[in-house]
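Me: I have a structure with a ligand in it. Can you take me through the site step by step?

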Amino acid sequence: MDKIVIRGGNRLSGTIPISGAKNSALTLIPCALLTEEPLTLRNLPRLADIDGFQHLMTQFGVSASIAGHRPEDFGRVVTFQAPRLTSTVAPYDLVRKMRASILVLGPMLARAGEATVSLPGGCAIGNRPIDLHLKALEAFGAEIELAAGYVRAVAPDGGLPGGDFDFPVVSVGATENALMAAVLANGTSRLFNAAREPEIVDLCNLLVAMGAQIEGIGTSDLTIHGVNRLTGATYKVMPDRIEAGSYACAAAITGGEVTLAGAVARDMSATLHALQAIGVTCEEVAGGVRVAANGPLKAVNLSTAPYPGLATDMQAQLMALLCRAEGTSVLNETIFENRYMHVPELARMGAHIETAGRTAIVHGVERLTGAEVMATDLRASMSLIIAALAAEGESVVRRIYHLDRGYERLEEKLALVGADIERVSDE
Ligand code: UD1
């Protein structure tokens, strides 16, 4: 298993190319289930999660052909096509490795009239139920049955009628599943209190390019007029706002100055506002976002919230940055319980953090020191990388398969801007 070794203290400076958004890609790929025509996705990040999802799609008879690319290029172009679905079952072995597999439920139900998906197991960042995914599909007329660890959804003869659903809690995944089911329904569906993350807008834009009729894109109330069939499309995945925000924190903790090439400031404005409050200069520049940290970092109080609020996926990275701020910061995690598993690892590097339930109190420290650390989820692992970049001496970050799930060639990108970082095999 590989590990990442970082010798901290280098000031990051230069340009980091931002990849296609993982979370967007994971909801764009299952759209291939909605049409017999080819769906070509450009700028797909090369990540373990994307490979995993491609593999899952082959289970249903969806072919994936990857266009030739040079090894030095980031991203790739993949064409998915499912002339007919050969199976409507997503088995446990594939689903357990990746929670996002649940996103095949809605489109498969819409196309085939039925879908059987293994229930995603528990997850390191809270128990993450799927009740809202199922309730939305029920509101559209599906019958849902849970048995032997699987959920089976069946549409009435003639297809899903469509219907209205008001989300009691904002859910990104449930909104995505509902959208992908509603686009092929017989009637009109309305979603209230839907998630409006940029990745949802990306999904809506692709669906519209395929011929779907959606009103209210970018708002929390969506109206979907079902159509008989969708066509293929060629579509470019949006830039990854979480990857961009992570590298912004990395640059800031080293007192550096980095241009995030391809990043879209509008999509990450809550993160940029947080960074500005911490004392980091952020500006939109041609083709990206530039961040620069000159003076001391200031303590702030932050709370995560659904978009346009501060993304929960940025909490761990901002916490790492705040470890080096002057004064005491308070973080409030409102989306997931149990999302502070990076805290004990940061403490091993000299951080001083107290947690109580969903609140974390971060006392800024003068210095962080290198240590051997490992984390249990993707963003938590990134927070350790960020801390290591500023720590004195050498840090070894283990279990980096989490990072490979969500950061395309992380060590290459950080080395590009001057980090002393290498990936080594742990024999
Ligand atoms: C997605 C993102 C993840 C991000 C999260 C919140 C992907 C692949 N993952 O996850 O990176 O951290 O949005 O921005 O895009 N909930 C329910 N019942 C449900 C579904 C969700 O109670 O059926 C709750 C969850 O427990 C959580 C909250 O709703 O407290 C938000 O979760 P949700 O937005 O659904 O997250 P995901 O779509 O799983």
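Reply: Here are some questions and answers on the ligand and the residues around it. The model is predicted.

Me: Which residues come nearest to the ligand?
Reply: A residue counts here if one of its heavy atoms lies within 4 Å of the ligand. There are 19 residues around the ligand. The nearest are D131, S171, V172, D313 and I335.

Me: How far from an oxygen atom of the ligand is the backbone N or O atom of V172?
Reply: Take the side chains of two other residues first. A polar side-chain atom of S171 lies 2.6 Å from a ligand oxygen, and one of D313 lies 2.6 Å from a ligand oxygen. V172 uses a backbone N or O atom, and the distance is 2.7 Å.

Me: How much of the ligand does the protein bury?
Reply: Start with the ligand taken alone. It then exposes 730 Å². Of that area, the protein buries 84%.

Me: Why does the ligand lie between two domains, and which are they?
Reply: Look at where the shell residues come from. Both domains give residues to the shell, so the ligand lies between them. They are domain 1 (2-18 + 239-425) and domain 2 (22-236).

Me: Which element gives the most to the shell around the ligand?
Reply: Three elements give two or more residues: α1 (22-28), α5 (131-139) and α6 (172-182). The most from one element is three residues, and they come from α5.

Me: Which residues of α5 are buried?
Reply: Buried means under 20% relative accessible area. The cover over these residues includes α4, β8, β9, β10 and α6. The buried residues are L132, H133, L134, A136 and L137.

Definitions and conventions: Residues numbered from 1 in each chain as written. Predicted model: local features only at pLDDT ≥ 70, side-chain atom pairs only at ≥ 80, totals over all residues. Heavy atoms only, no water. Polar contact = N/O pair within 3.5 Å; in protein donor to acceptor, adjacent residues only side chain to side chain. Areas by Shrake-Rupley, 256 points an atom, 1.4 Å probe, with all protein chains shown as cover. Helix = DSSP H or I, 4+ residues; strand = E, 2+ residues; numbered from the N terminus. Domains from an automatic or database assignment. Buried < 20%, exposed > 50% of the residue type's maximum accessible area, 1.4 Å probe, protein only. Contact = heavy atoms within 4.5 Å.
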